[in-house]
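I sat down with this model today and kept a running notebook. Here is what I looked up, in the order I went.

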Amino acid sequence: MESEKQLIAQVKIGNIQAFQELVDTYSHKLYSAAYRILGDRAHAEDCIQEVFLKIYRKIDSFDDRSKFSTWLYSITVNTAIDMQRSMARHQHTQPLETSVIEKTESKHQETPEAEHWQRDLSKLTQKALAELSEDLRMAFLLKHFDGRSIEEISQILEINPNTVKNRIFRAVNQLKKLMSLNLSVSEVIPYE
Amino acid sequence: MSSPNGKDWSDEDLILYFYQELDEETRNRLGISLQTSDKLRQRYENLTHHLDGQLTINIPPPSDRLKQNIMAGIYRESLQSEKVRQDKLLEANSPREKLISWKRYFPSVKLIGASALSLTLVVGIFYFGRWSATIQPTRPVADNHQEPPSQLAASFTDATATRVLMSRLNDHLETSNRVLTLVSNGNGDLSAQIDQRKLLIEELIVFNRIYRRLAKNNGDNQLAELLRQMEVLLIELDNISTQQATGESLNALNQIKERMEQGDLLFKLKITKKKFKNDFI
């Protein structure tokens, strides 16, 4: 496989095979990021198709000195946020309870009880995340689930790194409280 | 900074430690504190339990056709952009577009067109007057009504004005070519021939200056340069025709001829004329 820089250079001169390699490399990661924001498989897939079209159209504007994955996440997050706002305006969003629970499949083979527990936790996490403000949620999702560095998140969200840190702290604390409300007292162990 | 029981480490420090966002030195210090302080270790375990154990999102796998759908969209986009590119190329090469691009070269094209039309009308009226003086009018005077030039000019569209200008410029190049070819061939009494065309040369100089400035102002440097070279030679020719001594005239004419050949002026003129005719006329 060619290096990422070579691939990007190939895409810039119109090589669609090279673009296919980028799709192979990044589509699943970006789909996951979009799913965590949108909470629905079909919407996440639509979002990712839109994201790759944008990437194809804008690839010439990508500065080779920047990190490619940061650029991709930036486009994905912005597209997903736009979709979410648009859906919220048109009230087409399915409630998280049904969209997540009905369509979620467990990756690993687990006991039915463990699988059930995981699905419950996933549902509660989605509910708790949905109660966060958009700013806190985006910073937390990119850090916790996508493993982006604070520096990258500051570039993706176009905010100061200290603001990113602050949003992550607030998100963690709010999530702790929200999860405590949803789980029984015995299941939640406070860390203070 | 930290006490053995870890009281000085904040939740924010622990969160940054969990996400590996602390600088190396702070990270090492906190790592040591975690080993020595049970209370701090307990706080950290609670945090990891919350972040790792409780916060989880199961992501359903995307449909098998996701990548295919993405690439189908990309191929469609690629075809569309290729089609748009080709359409633009075709449009750019069409005579109409070329005419429009010339219109961009000449923002004052309407004015020039109107002037050219007025000049044509004045010359036309002059010759018509001379011609009509020799014959009896066959129609009543009222029927010979001419629309005033200003009204005609106003009714001109940009495209028409551009065509008139291009046509006039082409005529100018054609006439200049004829005069310069005459010098280049050098047959017969050249001084006398030039002298006979004095008025024509003067007119060519005036119009050449206008066209040169237009071309220069509108960025057609190639045409402007050709017109500049022509202008210098035309002015010299105009001066020669007024000289009395035939020997001097011939000498000067030979020098002009030599410079024309050195600069390939006639060849350049021919190429420009041909290109001009193909593109605009």
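The entries below go from confidence to fold, then to the contact between chains and a few single residues.

**Ground rules**

I am working with a predicted model, in which local features need pLDDT of at least 70, side-chain atom pairs count only at pLDDT 80 or more, and totals for chains, interfaces and linings use all residues. Residues are numbered from 1 along each chain as its sequence is written, while chains are lettered from A and ligands numbered from 1 in the order in which they are written.

**Confidence**

I started with pLDDT, the predictor's confidence in each residue, from 0 to 100. Chain A averages 81, and 79% of its residues score at least 70. Chain B averages 77, with 78% of its residues at 70 or above. For the complex, the predictor gives an ipTM of 0.74 and a pTM of 0.52.

Next I looked at single elements; helices (H or I, at least four residues) and strands (E, at least two) are DSSP runs, numbered from the N terminus. In chain A, helix α5 (residues 96–103) has the lowest mean pLDDT of the elements, 41, and helix α3 (residues 41–58) the highest, 93. In chain B, the lowest mean is 57, in helix α7 (residues 149–154), and the highest is 90, in α1(B).

I also flagged residues 92–108 of chain A, where pLDDT stays under 50. Where pLDDT is low, the predicted coordinates should not be read in detail.

**Fold of chain A**

I counted nine helices and zero strands in chain A. Two residues are in contact if their C-beta atoms, placed from the backbone, lie within 7 Å. Of the contacts in chain A with a separation of 6 or more, 61% join residues 24 or more positions apart.

For burial I used C-beta atoms placed from the backbone: a residue is buried if 20 or more others lie within 10 Å of its own, exposed if 12 or fewer, and partly exposed in between. Of the 192 residues of chain A, 32% count as buried.

**Two helices of chain A**

How many of the 12 residues of α7(A) are buried? Nine are, so this helix is largely enclosed by the rest of the structure. The buried residues of α7(A) include A:Leu136, A:Phe140 and A:Leu142, and also A:Arg137 and A:Lys143. After α7(A) comes A:Gly147, with a positive phi near 65°.

I then checked the length of helix α9 (residues 161–182) of chain A; the expected span is 1.5 Å times one less than the number of residues. Its 22 residues should span 32 Å, and the end C-alpha atoms are 31 Å apart, which agrees. Among the buried residues of α9(A) are A:Val164, A:Ile168 and A:Leu175, along with A:Lys165 and A:Arg167.

A:Arg170 is also in α9 of chain A, but counts as partly exposed because it has 16 C-beta neighbours inside 10 Å. The C-alpha atoms of A:Arg170 and A:Leu136 are separated by 7.2 Å, although the two are 34 residues apart along the chain.

**Nonpolar cores**

A nonpolar core is a set of buried Ala, Val, Leu, Ile, Met, Phe, Trp, Tyr and Cys residues joined through C-beta atoms within 7 Å. The largest has 53 residues, and A:Leu30, A:Ala34 and A:Ile48 are among those with the most contacts inside it. Helix α2 (residues 16–38) of chain A gives the most to this core, 11 residues.

I followed A:Ile48 further: beyond its neighbours within four places in sequence, its contacts include A:Leu30 and A:Ala34, and also B:Leu66 and B:Ile70.

**Where the chains meet**

I found 41 residues of chain A in contact with 30 residues of chain B. On the chain B side, α1 (11–18), α3 (38–54) and α4 (66–93) each supply at least two residues. The largest share, 10 residues, comes from α4(B).

**Two loop residues**

A:Glu158 has a positive phi of about 55° although it is not a glycine. A:Glu158 sits in the loop between α8 (150–157) and α9 of chain A, and counts as exposed because it has 9 C-beta neighbours inside 10 Å.

In chain B, I noted a positive phi of about 55° for B:Gln20, also not a glycine. B:Gln20 lies in the loop between α1 and α2 (24–36) of chain B.
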